[in-house]
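Please open the structure in your viewer and keep the sequence panel beside it. The tour below goes from stop to stop, saying at each one what to select and what is there.

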Amino acid sequence: MLSAELLQQLPAHAQDFASARPFRHLVIEPFFDPDLARRLLQEFPPFEKGDARSENGTLGGKSCFAHISDLGGAYAELDRHIRSDTFLRQLGELSGIPTLRYDPEYFGGGTHENRHGQELDPHVDFNRHPAFGWYRRLNLIIYLNPEWQAEWGGALQLHRDPRSTDDHVISIEPRFNRAVLFETHDHSWHGFPPIVIPDDRPGMARKSIALYFYTEAAPRTAKGLDHSTIYVDRPLPDHFRPGRVLDQADCAELARQIARRDQHLQRLYGDISRISTDLNEARKSLAASRVERVARIVHRGMRRLGWLR
């Protein structure tokens, strides 16, 4: 499944991964065997087949198809390979992370298709699998875009700290059969700027396969609490300065950024509401169980005293 070039250079790639900045990562090209890469592109699911709802529940320009084995063909082969001991061992050699686990749920992963105008604010990913409780360790993203040009945007950006004025950014164009492997932790900030598809490419989109890998327990270096995805909104462009007269494009940019910030806030409000509801239900259950235990104790005592027959 993997390219001959990758298999021959595993030790060298492992060294590159370990020394990369702003955090441990690796760019691999070509990643898949060329024939498999072509088949994955040919069999990439149509946009309408995937889930195009955002984290806020609204329909948008990104479509995801999680359970890739259901697509059959090349994707079923891919699923069989990435769950194999051989592949997980190779991934462990590249990253220096042993005992990696494949995610059978593909939570947040699978095929991703992003259309014109889509972007992804800098963020760090959720760090616990919601179903299994495993700790998220690696992201592997493979791009399937044979015609991609730099001016179309959409390059993966790895940040040292997007909240800092001294941020350092690595940009990686989403070219065909190029993969990016990076470690996930509380400072693995990443995202991509807006996609700008030219008018003469109406059907073009940014296509990729996202695969996430876990370990059963958190590493000893892990810091902080369990968390969901944490976003940092992009700053205003540099041309927003005191004294500037805003034109129509400026106003549109301000409106877009305010809307994105509102989306992030609404997602957080929703998370807080769900957590508050779950906490209240747990308190009710605990209170009810305590009352039930007290009632059983009283009942047993009354029986022992002969007050009940």
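A residue is called buried when its relative accessible area is under 20%, exposed when it is over 50%, and partly exposed in between, using a 1.4 Å probe and protein chains only. The model is a predicted one, in which local features need pLDDT of at least 70 and side-chain atom pairs count only at pLDDT 80 or more, while totals for chains, interfaces and linings use all residues. Residues are numbered from 1 along each chain as its sequence is written, and side-chain values use heavy atoms, with hydrogens and water left out.

**The whole chain**

Begin with the protein chain in full, whose C-alpha atoms fill a box of roughly 90 × 60 × 40 Å, taken along the principal axes. Colour the chain by secondary structure, which comes to six helices and 13 strands; helices (H or I, at least four residues) and strands (E, at least two) are DSSP runs, numbered from the N terminus. Of the 309 residues in the chain, 40% are buried. Taking contact to mean heavy atoms within 4.5 Å, 80% of the contacts between residues at least 6 apart in sequence join residues at least 24 apart.

**Two helices that pack**

Two packed helices are described by the angle between their axes and the distance between the axes. Select residues 10-19, which form helix α2, together with residues 85-95, which form helix α5: the two pack at an angle of about 50°, and their axes are 7 Å apart. Axes are lines fitted to C-alpha atoms, for helices over the stretch in contact, and angles run from 0 to 180 degrees between N-to-C directions. Angles under 35 degrees count as roughly parallel, over 145 as roughly antiparallel, 65 to 115 as roughly perpendicular and the rest as oblique, and α2 and α5 are therefore oblique to each other. Show side chains next, since the contact is made by Leu10, His13, Ala14 and Phe17 from α2 and by Gln90, Glu93, Leu94 and Ser95 from α5. By class, this contact of α2 with α5 has four nonpolar, three polar and one charged residues, where Ala, Val, Leu, Ile, Met, Phe, Trp, Tyr, Cys and Pro count as nonpolar, Asp, Glu, Lys and Arg as charged, and the others, Gly among them, as polar.

Staying on α5, look at its buried residues, which include Phe87, Leu88, Leu91 and Gly92. After α5 comes Gly96, whose phi is positive, near 75°.

**Unusual backbone**

Most residues other than glycine have a negative phi, and most peptide bonds are trans. Which bond should you select in the loop between α2 and β1 (25-28), where Pro22 lies? The peptide bond from Arg21 to Pro22 is cis, with omega near 15°. A further cis bond runs from Glu29 to Pro30, with omega near 0°, and Pro30 is placed in the loop between β1 and α3 (34-42).

Go on to Thr99, in the loop between α5 and β4, which has a positive phi of about 50° although it is not a glycine; Thr99 is exposed, at 66% relative accessibility. Then select Asn177, in the loop between β9 (169-172) and β10 (179-183). Asn177, also not a glycine, has a positive phi of about 60°, and Asn177 is buried, with a relative accessible area of 5%.

**Aromatic rings**

Rings of Phe, Tyr and Trp (its six-membered ring) pair if their centres lie within 6.5 Å, and planes under 30 degrees apart count as stacked, over 60 as edge-to-face and the rest as tilted. By this rule there are eight aromatic pairs. Select Phe107 and Phe126, whose ring centres are 5.4 Å apart and whose planes stand at 85°, so the pair is edge-to-face. Phe107 is in the loop between β4 (101-102) and β5 (110-114), and Phe126, 19 residues away, is in the loop between β6 (120-124) and β7 (135-143). Phe107 is partly exposed at 39% relative accessible area, whereas Phe126 is buried at 12%.

Add Arg136, which lies over the face of Phe126 at 4.4 Å from the ring centre and over the face of Tyr212 at 3.9 Å; a charge sits over a ring if NZ of Lys or CZ of Arg is within 6 Å of the ring centre and within 35 degrees of the ring normal. Phe132, Trp134 and Tyr214 form one aromatic cluster.

**A last stop**

Finish at Leu144, in the loop between β7 and β8 (156-159), which counts as buried at 1% relative accessibility. Not counting residues up to four places away in sequence, Leu144 touches Ala37, Leu40, Leu41, Phe44, Tyr75, Phe176, Lys207 and Ile209.
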